[in-house]
Structure formats: structure tokens, C-alpha cells
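Here are some worked exercises on empty space and a bound ligand. Have the structure open beside you as you go through the steps.

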Amino acid sequence: MSRVVVVSGGSRGLGEAIVRHLLKQGDTVCTFSRSRTPAMDELEAGENGERFLFESVDIADSDAVRAYVKQVVKRYGKVDCLINNAGIARDGLLAMQSDAEIDLLLGVNLKGTLSLSRACIRPMLRAKKGRIIQISSIIGQRGYRGLATYAATKAAMDGLTRSLARELGERNITVNSIAPGYLDTEMSHGLDDNQRGQIIRRTPLGRLGTPADIVGLIDYLLSPAADFVTGQTVVVDGGITV
Ligand SMILES: NC(=O)c1ccc[n+]([C@@H]2O[C@H](COP(=O)([O-])OP(=O)(O)OC[C@H]3O[C@@H](n4cnc5c(N)ncnc54)[C@H](OP(=O)(O)O)[C@@H]3O)[C@@H](O)[C@H]2O)c1
């Protein structure tokens with residue numbers, strides 16, 4: 001049977017690119033987000049539809065996340081790999097941020113990652129194998145004016161990677177983070193021309209990243225070639241943080 005990969009936030013952006021790539025490679029791919037997109041309808045109706053599961057789930061709702069993973073295990077019998085991709089960013093100086101905005105960012109990016117990881121780790125522990133990848137961000141390492149709460153959640157995801165790697169290594173489960181630089185997705189569409197130009201000028205490879213720049217590393221981290229790699233954060237950013 002093919003690998004069963006759970007990808008959070010696969011309805012658009014980087015998550016959608018990961019879902020499409022893994023499906024094309026023959027994996028069984030289970031994803032969710034709050035809203036259904038035409039891309040999800042297309043994949044359900046497509047030739048790989050029996051290897052694809054989409055549900056509308058808010059990752060901040062831990063009961064719904066638990067129920068979703070139960071459904072995955074009931075339908076496909078296991079979870080081999082988890083990609084914690086769902087995330088949101090909110091621009092604004094911390095001094096001006098409301099409790100509601102802080103709670104939202106922590107609830108989706110951090111608590112959501114923790115509850116989805118917890119739910120997927122259980123079947124991995126039973127199988128004595130598994131792969132977990134967090135999509136964090138260079139912002140968690142370097143910071144960015146106006147993204148303090150987002151940065152805190154992304155730094156926490158890298159911290160989670162290191163502790164989980166220690167916790168799960170003896171069960172043959174690896175845990176790694178990918179920290180992308182600026183990607184050309186909806187999330188970065190809030191950047192104005194000035195910010196975009198500045199990022200491009202500061203990037204040695206002279207452009208923003210694309211989801212395609214990330215999927216190769218995902219392939220590697222999920223492959224047997226990465227059997228001995230765990231607890232790491234790998235930066236993919238065109239060199240902007242060099
Ligand atoms: N774009 C960048 O420059 C960049 C750079 C570094 C790291 N990243 C990280 O890469 C990941 C993907 O980002 P992206 O650029 O692809 O963002 P995106 O285009 O905004 O897509 C985000 C995905 O997450 C889902 N999502 C958001 N809130 C959710 C919730 N409460 N419950 C379930 N799903 C939720 C969205 O669907 P719904 O809104 O319908 O729920 C969507 O599928 C994020 O973790 C982001 O922090 C992005």
C-alpha cells in the first residue's frame with residue numbers, strides 16, 4: 001500500500017503544491033483547511049481521487065483535528081508522514097495587536113501544530129516509524145518588523161522539532177523543519193512593491209521562492225536517504241539569510 005501523508009492547509013499555496021506533488025508520486029494524501037477550493041474539487045474528481053481526502057477542518061479546533069485523524073486512520077489504516085503546513089500571518093506591531101489576534105496566531109500556528117502532531121504521532125508510535133516535517137519560516141530565526149507574534153510561533157515550531165526528535169527517535173520517527181524564505185503565494189501578497197523589491201535585491205538568487213523550490217526537500221526528508229536526519233531546521237531562502 002502507498003504511503004499515507006497528512007498535509008495541513010493543502011487547499012492553496014505551498015500546501016496545494018505539496019499535495020499535488022505527492023499525489024503524482026503515488027502517495028495517499030489527506031489534507032484539510034477551513035475552506036474548500038476548486039483545486040480540492042478537481043483533485044477529488046481526478047484520476048487519483050481514491051488516494052485523496054479533503055475535509056473542511058479548522059486546525060485551531062483540537063476536537064475536530066482529532067476526529068479528522070481518526071477518519072484518516074479508519075479509511076487508510078495508518079499515518080506514515082505528517083507535514084505541518086497550515087499557517088497564517090498577521091501584519092502589525094505587537095504594541096497595537098489585540099488579544100484576539102495574538103490568540104488566533106497562537107491557536108492556528110502553534111496549538112494547531114501541537115494537536116495535529118499529537119493525533120498523528122499515536123498511529124506512528126504503534127507502527128514504530130514515521131516522518132514529521134514542520135513548515136516554519138526564516139522569520140522565526142531572523143525576525144521581521146511587524147511580524148513578532150508570527151515569528152514567535154515559527155521559532156516555537158523549530159523548538160518543537162528538536163524536542164520531538166528526541167522524544168520520538170527511539171520509535172524510528174524523524175522530525176525536521178523546513179524554514180522557507182519569502183514565497184510567492186497568497187500569504188506574501190500583502191507585501192507592497194517596495195518591500196518586494198527590497199527582498200529581491202537582498203536575495204543572492206534574485207527572486208522570491210516558489211512552492212516548487214520546497215517540494216524537492218520534502219521528497220528528500222520523506223525518503224530513505226534521510227533516515228538518519230532528525231531534529232534539523234533546513235533553510236530554503238535563495239540565500240537571503242546568508
Ligand atoms: N508565503 C511565504 O512567504 C512563507 C514563507 C515562509 C513560511 N511560510 C509558511 O508556509 C506555510 C504555507 O503558507 P502559504 O504561503 O502557502 O500560505 P497560504 O497561501 O495563505 O495558505 C495557507 C493554507 O493554510 C490553511 N489554513 C489557514 N488557517 C487555517 C486553519 N485555521 N485551519 C486549517 N487550515 C488553515 C489555508 O486554508 P484556509 O484559509 O481555507 O483555512 C491554506 O490552505 C505556512 O505555515 C507559512 O507560515 C510561508
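Before starting, a definition: helices and strands are DSSP runs numbered from the N terminus, helices being H or I runs of at least four residues and strands E runs of at least two. Keep in mind too that this is a predicted model.

**Exercise 1. Describe the largest pocket: its volume, its lining and the elements that contribute to the lining.**

Step 1. Begin with the volume: the largest pocket holds about 1000 Å³ of space.

Step 2. Turn to the lining, which counts 42 residues. Nearest the centre of the pocket lie G87, I88, A89, T185 and M187.

Step 3. Assign the lining to elements. Two or more residues each come from α1, β2 (28-33) and α6. The largest share, 3 residues, belongs to α1.

Step 4. Sort the lining by class. This gives 19 nonpolar, 16 polar and 7 charged residues.

**Exercise 2. Which space does the ligand take, and what surrounds the ligand?**

Step 1. Place the ligand: the space it takes is the largest pocket.

Step 2. Collect the residues with a heavy atom within 4 Å of the ligand. There are 28 residues around the ligand, and the closest are S11, R12, R34, Y150 and T185.

Step 3. Look at elements and classes. Both α1 (13-24) and α6 (148-168) give at least two residues to this shell. The shell consists of 12 nonpolar, 11 polar and 5 charged residues.

**Exercise 3. Which polar atoms of R12, S35 and I59 lie by the ligand, and what percentage of the ligand's area does the protein bury?**

Step 1. Take the side chain of R12: one of its polar atoms is 2.7 Å from an oxygen atom of the ligand.

Step 2. Move to the backbone of S35, where a polar atom lies 2.9 Å from an oxygen atom of the ligand.

Step 3. Add I59, with a backbone N or O atom 2.9 Å from a nitrogen atom of the ligand.

Step 4. Finish with the area. The ligand taken alone exposes 880 Å², and the protein buries 96% of that.

**Exercise 4. How many cavities of 30 Å³ or more does the whole structure hold, and which residues line the largest cavity?**

Step 1. Search the whole structure: 1 cavity passes the 30 Å³ limit. The volume of the largest cavity is about 40 Å³.

Step 2. List its lining: S62, V65, R66, S115, R118, A119 and R122.

Step 3. Map these residues to helices. At least two lining residues come from each of α3 (62-76) and α4 (99-127), with α4 giving the largest share, 4 residues.

Step 4. Classify the lining of the largest cavity: 2 residues are nonpolar, 2 polar and 3 charged.

Technical notes
Residues numbered from 1 in each chain as written. Predicted model: local features only at pLDDT ≥ 70, side-chain atom pairs only at ≥ 80, totals over all residues. Heavy atoms only, no water. 1 Å grid on protein atoms, 1.4 Å probe; cavity = no way out; pocket = protein on both sides within 12 Å on 5 of 7 lines; lining within 4 Å. Points joined across faces, edges and corners; volume = space filled by probe spheres on them. Nonpolar A, V, L, I, M, F, W, Y, C, P; charged D, E, K, R; others polar. Polar contact = N/O pair within 3.5 Å; in protein donor to acceptor, adjacent residues only side chain to side chain. Areas by Shrake-Rupley, 256 points an atom, 1.4 Å probe, with all protein chains shown as cover. Sits in = over half its atoms within 2 Å of the grid points.
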